[in-house]
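Open the structure in your viewer and keep the selection tool at hand. The tour starts at the ligand and then moves into the protein interior.

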Amino acid sequence: MDTFSSSAQLSTRNVTKVFYGKKDLFSRLSGKASNDFIAIEDISIDIEPNTFVSIIGPSGCGKSTLLNMIAGLSPTTSGEILLNGVPITGPGPDRGMVFQNYALMPWMTVEENIRFAVETVYPKLSPKQVQHTVKEHIQLVGLTGAETRHPHEISGGMRQRVGIARALAISPQILLMDEPFGALDALTRGFLQEEVERIWEQQRKTVIMITHSIEEALLLSDRIVMMTRGPAARIDEILEVPFPRPRNRETIEQHPEYHALKAEMESHLYRETRAVEAARIGR
Ligand code: ADP
């Protein structure tokens with residue numbers, strides 16, 4: 001993840017995001033907006049193809065803000081985001097998104113949710129090709145047998161499998177995941193993390209994932225982007241994760257660098273979170 005590497009698939013260049021507040025009387029008269037909020041400032045990252053990148057940082061630092069701009073759901077205030085050298089100006093099928101709350105269509109079955117995405121993105125595919133793609137991705141995420149169930153009839157873990165299958169079924173170049181396991185209980189979460197590692201081994205797609213979990217980031221990532229607290233959050237450090245693949249929890253914990261990396265991440269997160277809390281209570 002060199003700065004401005006020409007081989008990068010995705011680059012953010014000096015990206016800043018300001019949320020503009022309402023102008024009060026004083027700001028109107030003085031011409032200054034008093035409550036504009038700089039969420040993130042001057043973020044530059046280069047992401048090479050086929051890498052799994054996690055973004056970690058204290059709550060509210062701007063991780064989703066950054067991911068939403070990469071997804072094209074929200075514009076940058078300044079700076080630009082390039083996909084294969086071309087500026088991102090909106091959402092596109094080259095980026096698949098997995099949301100924490102699944103964002104499935106509740107009236108559609110598992111199969112219909114995935115099929116709808118494929119048909120929308122590839123309207124020219126024959127029904128047979130669509131069916132093949134849907135079936136392949138249902139198998140990939142281990143949902144065979146649950147095709148005709150509705151989201152309310154399946155567990156949270158299964159719903160997120162649908163979310164992952166739907167995002168991958170449109171063959172995106174990059175998979176964007178915003179705390180994909182955040183709503184799941186610890187056991188389901190651990191199980192699904194290992195599933196994502198298995199799927200990643202098969203597909204080796206570029207992934208950008210937001211997480212709060214140090215263990216999750218260490219299990220899945222090639223690189224971990226650690227952000228400072230906001231406002232005006234920046235990149236503090238980018239860690240390289242050297243564990244060989246395929247990985248599982250037991251093997252990575254035995255790696256000589258595991259505990260040092262974990263300690264470094266813990267100390268970063270505690271330091272940043274402590275500062276956020278201190279600011280909140282006015283110390
Ligand atoms: P994270 O994902 O790291 O928890 P977010 O990206 O959701 O953080 O938010 C970063 C900061 O930007 C927070 O202080 C949040 O309140 C603020 N923010 C996010 N979206 C908006 C918005 N639409 N308008 C104003 N402020 C926002």
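Which residue has a polar backbone atom 2.7 Å from an oxygen atom of the ligand? Select Gly60: that backbone atom belongs to this residue. A polar contact here is a pair of N or O atoms within 3.5 Å.

This is a predicted model, in which local features need pLDDT of at least 70, side-chain atom pairs count only at pLDDT 80 or more, and totals for chains, interfaces and linings use all residues. Residues are numbered from 1 along each chain as its sequence is written, and side-chain values use heavy atoms, without hydrogens and water.

Next, select Thr65, where a polar side-chain atom lies 2.6 Å from a ligand oxygen. The protein buries 56% of the 560 Å² that the ligand exposes when taken alone (Shrake-Rupley method, 1.4 Å probe).

Now show the shell around the ligand, meaning residues with a heavy atom within 4 Å of it. Among them are Phe19, Phe37, Pro58 and Lys63. Helix H2 (63-71) and strand S2 (37-47) each supply at least two shell residues; the largest share, three residues, comes from H2 (helices are DSSP runs of H or I, at least four residues; strands are runs of E, at least two).

Move on to Met177. Leaving aside neighbours within four places in sequence, Met177 is in contact (heavy atoms within 4.5 Å) with residues including Phe52, Leu67 and Ile210.

Methods
Polar contact = N/O pair within 3.5 Å; in protein donor to acceptor, adjacent residues only side chain to side chain.
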